[in-house]
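Q: Hi, I have a model open and would like to talk it through with you. Could we look at it together?

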Amino acid sequence: IFFGARDLSLVFCLFSISALLCCRRASLEVRPRHCGTMPETPTSLVAGFSLTSPRYDQATYLGRVRHFIEMIDPRAMFTTKSQLRQSEDLLQRFRDGTLAPGTTALELWRARQRVEAVLHPQTKEPIFPLFRMAAFVPANLPIAAMMMMLPQTVPTAIAGQWINQTYNAGFNYCNRNTSNADSSSALLQSYLWACAISCGMAVGLGELVKRAHSLAPAARAVVQRA
């Protein structure tokens, strides 16, 4: 179970980075397609831009890939306050119908992407950079590598599981649905249970594999490493 989960996580991370590199140019050149017909403001005369509809056609596989590529674009981790403010101002001018002449749909899409990547959709407060969706792949790569490559001792197993669960808890908390008002004690209890169960299973299964003398040494080494 642990091998499969970690292996799939690593494959997903590598695939996401490869897709980002391969499709970035195409995502900027292909004219956006909308999958909805929601009403627009008068400034929808800027051809190809929408404040409400997705940039790419979500009915197609490629459209969904491009959508998620933009969501996990690592550059959003380094967005400055001035860049965020400029993007918010540009979108507000679009709503008010006071866009400067020559403003393009690409500039508006980039502004919307930056705002949605940085601000929580409900609180409208900036999300801590390491817990933004853009940080999911860069943050999980070293965690997965550490859990798979370090010597499989009890301290390293506990440390790896604790770091993994701590990051997951922080990520989920910062991107939580704020309409579900869970108490701090309930969140802390869930975090402690997750750490205890994952550490216990990692250590327990590791010790169980060591005692599985029926396994060949090579197979035992592979399972312990996983």
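Q: Let's jump right in. Leaving out residues up to four places away in sequence, which residues does Ser198 touch?
A: With those sequence neighbours left out, Ser198 touches Gln161 and Gln165. Keep in mind that we are looking at a predicted model.

Q: Where does Ser198 sit?
A: Ser198 belongs to helix α7, which covers residues 184-210.

Q: And is Ser198 buried or exposed?
A: Buried: its relative accessibility is 8%, and the cut-off for buried is under 20%.

Q: How far is Ser198 from Ile158 in space, C-alpha to C-alpha?
A: The distance is 8.4 Å, although 40 residues separate Ser198 and Ile158 in sequence.

Q: Let's zoom out to the helices, then. At what angle do α6 and α7 pack?
A: The angle is about 150 degrees, and the axes of α6 and α7 are 9 Å apart. Angles over 145 degrees count as roughly antiparallel, so that is how α6 and α7 run relative to each other.

Q: What is the handedness there, left or right?
A: Right-handed, for the crossing of α6 and α7.

Q: Which residues meet between α6 and α7?
A: On the α6 side they are Val154, Ala157, Ile158, Gln161, Trp162, Gln165, Thr166, Ala169 and Tyr173. On the α7 side you'll find Leu187, Tyr191, Ala194, Cys195, Ser198, Cys199, Ala202, Val203 and Glu207. Our starting residue, Ser198, is in that second list, and Gln161 and Gln165 are in the α6 one.

Q: Nice. What about α5 and α6, at what angle do they cross?
A: Roughly 165 degrees, with the axes of α5 and α6 coming within 9 Å. That value makes α5 and α6 roughly antiparallel to each other. The crossing of α5 and α6 is left-handed.

Q: Which residues make the contact between α5 and α6?
A: From α5 there are Phe136, Ala139, Asn140, Ile143, Met146 and Met147. From α6 there are Gly160, Gln161, Ile163, Asn164, Tyr167 and Phe171.

Q: Let's look at the link between those helices. Where is Leu150?
A: Leu150 lies in the loop between α5 and α6. It counts as partly exposed, at 35% relative accessibility. Its C-alpha atom is 9.1 Å from that of Gly160, a residue 10 places away along the chain.

Q: Back into α5 for a second. Is Val137 buried or exposed?
A: Val137, which is in helix α5, is buried at 5% relative accessibility. The C-alpha atoms of Val137 and Pro74 are 8.2 Å apart, with these positions 63 residues apart in sequence.

Q: New topic: backbone angles. What is the phi of Lys124?
A: About 60 degrees, so to say on the positive side, and Lys124 is not a glycine. For context, most residues other than glycine have a negative phi.

Q: Where is Lys124 found?
A: Lys124 is in the loop that links α4 (105-118) to α5 (136-149). It is exposed, with a relative accessible area of 54%.

Q: Since you mention α4, at what angle do α3 and α4 cross?
A: The axes cross at roughly 125 degrees and come within 9 Å, with α3 being residues 81-96. That makes α3 and α4 oblique to each other. The crossing of α3 and α4 is left-handed. Residues in that contact include Leu84, Leu91 and Phe94 of α3, and Leu108, Ala111 and Val115 of α4.

Q: And α2, which of its residues are buried?
A: In α2, residues 61-71, the buried ones are Gly63, Val65, Arg66, Ile69 and Glu70. Viewed down the axis of α2, they fall within an arc of 160 degrees, so they line one face of the helix.

Q: Last one, the overall picture. How many helices and strands are there in the protein?
A: There are 8 helices and 0 strands. Of the 226 residues, 33% are buried. The accessible surface comes to about 13900 Å², and carbon and sulfur atoms account for 66% of that. Among contacts between residues at least 6 apart in sequence, 70% join residues at least 24 apart.

Note on methods
Residues are numbered from 1 along each chain as its sequence is written. This is a predicted model: local features need pLDDT of at least 70, side-chain atom pairs count only at pLDDT 80 or more; totals for chains, interfaces and linings use all residues. Side-chain values use heavy atoms; hydrogens and water are left out. Helices (H or I, at least four residues) and strands (E, at least two) are DSSP runs, numbered from the N terminus. Buried means under 20% relative accessible area, exposed over 50%, partly exposed in between (1.4 Å probe, protein chains only). Contact means heavy atoms within 4.5 Å. Accessible areas come from the Shrake-Rupley method with a 1.4 Å probe; for residues, only the protein chains shown count as cover. The arc is that of the directions from the helix axis to the C-beta atoms. Axes are lines fitted to C-alpha atoms, for helices over the stretch in contact, and angles run from 0 to 180 degrees between N-to-C directions. Angles under 35 degrees count as roughly parallel, over 145 as roughly antiparallel, 65 to 115 as roughly perpendicular and the rest as oblique. A crossing is left-handed if the near helix is turned anticlockwise from the far one by less than a right angle, and right-handed if clockwise.
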